[in-house]
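Trainee: I would like to learn how to read a fold step by step, beginning with the strands and ending with the ligand. Could we take one feature at a time?

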Amino acid sequence: MSGTSAALTPPADAQTPVRHPDAPAPGELLGAHYEQCFGCGGGQPHGLHLEARAADGVALTAEFTVQPAHQGAPGLAHGGVLAAALDEALGSLNWLLRTIAVTGRLETDFLLPVPVGTTLHLEAEVTAVAGRKIYAVATGRVGAPDGPVAVRADALFVEVKVDHFVEHGRPAEIQAVMDDPDQLRRVRALEVNP
Ligand SMILES: CCCCCCCCCCCC(=O)SCCNC(=O)CCNC(=O)[C@H](O)C(C)(C)COP(=O)(O)OP(=O)(O)OC[C@H]1O[C@@H](n2cnc3c(N)ncnc32)[C@H](O)[C@@H]1OP(=O)(O)O
């Protein structure tokens with residue numbers, strides 16, 4: 001059974017999403033937004049190391065291979081880890097809008113178990129924008145880009161300013177980003193209207 005809550009249905013006056021003119025070209029790897037991110041950062045040994053690539057429109061593809069550290073049941077991916085992979089793919093859509101947005105709501109359908117060693121092929125797409133609200137969907141297929149759908153999600157992201165992280169994040173990590181020119185460049189690339 002699946003369904004989508006009313007909160008994830010765009011309002012009647014929602015706009016069609018617009019790919020930012022400076023968005024990475026289709027096929028381009030998007031890279032990590034933060035080295036210590038559990039979803040995409042290279043600095044997390046047990047992280048997902050999800051790699052996302054721009055697609056046409058306001059959409060992307062991404063891959064993540066389920067590791068032994070991601071188990072819930074014996075030999076199977078933990079559902080929360082799969083939700084994290086969907087969340088990360090959806091969050092990476094920020095690069096195409098050149099907006100900073102965080103997950104407000106994430107509804108996930110788990111359709112098939114996903115064994116350790118499986119590569120999950122994800123697709124994510126922004127479907128509508130209404131003010132600060134960004135509506136998006138994602139699917140994860142097992143084994144191949146046209147494999148069976150194992151997980152899917154509907155999500156609402158909410159646009160925030162970079163101050164969101166400065167205000168709520170731990171000072172040590174915020175300072176470390178400020179002190180690292182590479183990391184700061186990644187944040188600034190998203191911050192179109194600082
Ligand atoms: C530097 C590195 C960069 C890059 C950073 C990128 C990180 C990506 C990582 C992957 C993605 C994540 O996991 S992000 C991490 C997980 N998410 C979070 O930590 C977010 C925690 N929540 C919050 O901080 C807040 O609740 C916000 C920002 C989401 C919303 O708070 P707010 O800014 O005060 O805005 P608010 O007025 O409440 O809401 C704005 C509009 O959205 C609607 N809205 C808000 N939440 C919901 C909701 N759950 N369900 C339905 N609708 C909602 C409201 O009704 C309202 O609609 P209307 O009245 O306008 O109609």
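Trainee: Which residue in β6 is the bridge partner of Glu-107?

Mentor: Bear in mind that this is a predicted model. The partner that Glu-107 finds in β6 is Asp-154, and this pair belongs to a ladder in which 9 bridges join β3 to β6, the two strands running antiparallel.

Trainee: In what order do the strands of the sheet lie?

Mentor: The sheet is open and has 6 strands, which follow one another as β1-β2-β4-β5-β6-β3 with antiparallel pairing. Its edges are formed by β1 (51-54) and β3, each of which pairs on one side only. Direction ignored, neighbouring strands are turned against each other by 20° on average.

Trainee: Which helix packs on this sheet, and which strands does it touch?

Mentor: The helix is α1, which touches β1, β2 (59-65), β3, β4 (119-130), β5 (133-142) and β6, and whose direction makes about 135° with that of β3.

Trainee: How many bridges link β4 to β5, and how many residues lie between them in the hairpin?

Mentor: There are 10 bridges between β4 and β5, which run antiparallel, with Glu-123 standing opposite Thr-139 in β5. The hairpin leaves 2 residues between the strands, and Gly-131 in the turn has a positive phi of about 60°. β4 also pairs with β2 in the antiparallel sense, over 7 bridges, and there Ala-62 has Leu-122 of β4 as its bridge partner.

Trainee: What is the general expectation for the sign of phi in residues other than glycine?

Mentor: Most residues other than glycine have a negative phi, and that is the background against which to read the next two cases. His-49, in the segment before β1, has a positive phi of about 50° although it is not a glycine. Arg-98, in the loop between α2 (94-97) and β3, likewise has a positive phi, near 55°.

Trainee: Are His-49 and Arg-98 buried, partly exposed or exposed?

Mentor: His-49 counts as partly exposed because 18 other C-beta atoms lie within 10 Å, and Arg-98 is also partly exposed because it has 17 C-beta neighbours inside 10 Å. Thr-99, which is found in the loop between α2 and β3, counts as buried because it has 20 such neighbours inside 10 Å, and 20 is where the buried class begins.

Trainee: Which residues have the most contacts inside the largest nonpolar core?

Mentor: That core has 45 residues, and those with the most contacts inside it are Leu-60, Ala-85, Ala-89, Leu-90 and Ala-136. Two or more residues each come from β1, β2, α1, α2, β4, β5 and β6, and the largest share, 7 residues, comes from α1. To follow a single member, take Ala-136: leaving aside its neighbours within four places in sequence, its contacts include Leu-90, Leu-93, Ala-124, Val-126, Ala-155 and Phe-157.

Trainee: Which residues come nearest to the ligand, and which elements give two or more residues to the shell around it?

Mentor: Of the 23 residues around the ligand, Ala-7, Gly-91, Val-102, Gly-104 and Arg-105 come nearest. The elements that give two or more residues to this shell are α1 (79-91), β3 (101-110), β6 (149-159) and α5 (181-190), with β3 providing the largest share, 4 residues. Sorted by class, the shell around the ligand has 11 nonpolar, 7 polar and 5 charged residues.

Technical notes: Residues numbered from 1 in each chain as written. Predicted model: local features only at pLDDT ≥ 70, side-chain atom pairs only at ≥ 80, totals over all residues. Near = placed C-beta within 6 Å. Nonpolar A, V, L, I, M, F, W, Y, C, P; charged D, E, K, R; others polar. Buried ≥ 20, exposed ≤ 12 C-beta atoms within 10 Å, placed from the backbone. Pairing = 2+ DSSP bridges. Axes fitted to C-alpha atoms, helices over the stretch in contact; angles between N-to-C directions. Contact = placed C-beta atoms within 7 Å. Core = buried A, V, L, I, M, F, W, Y, C linked by C-beta atoms within 7 Å.
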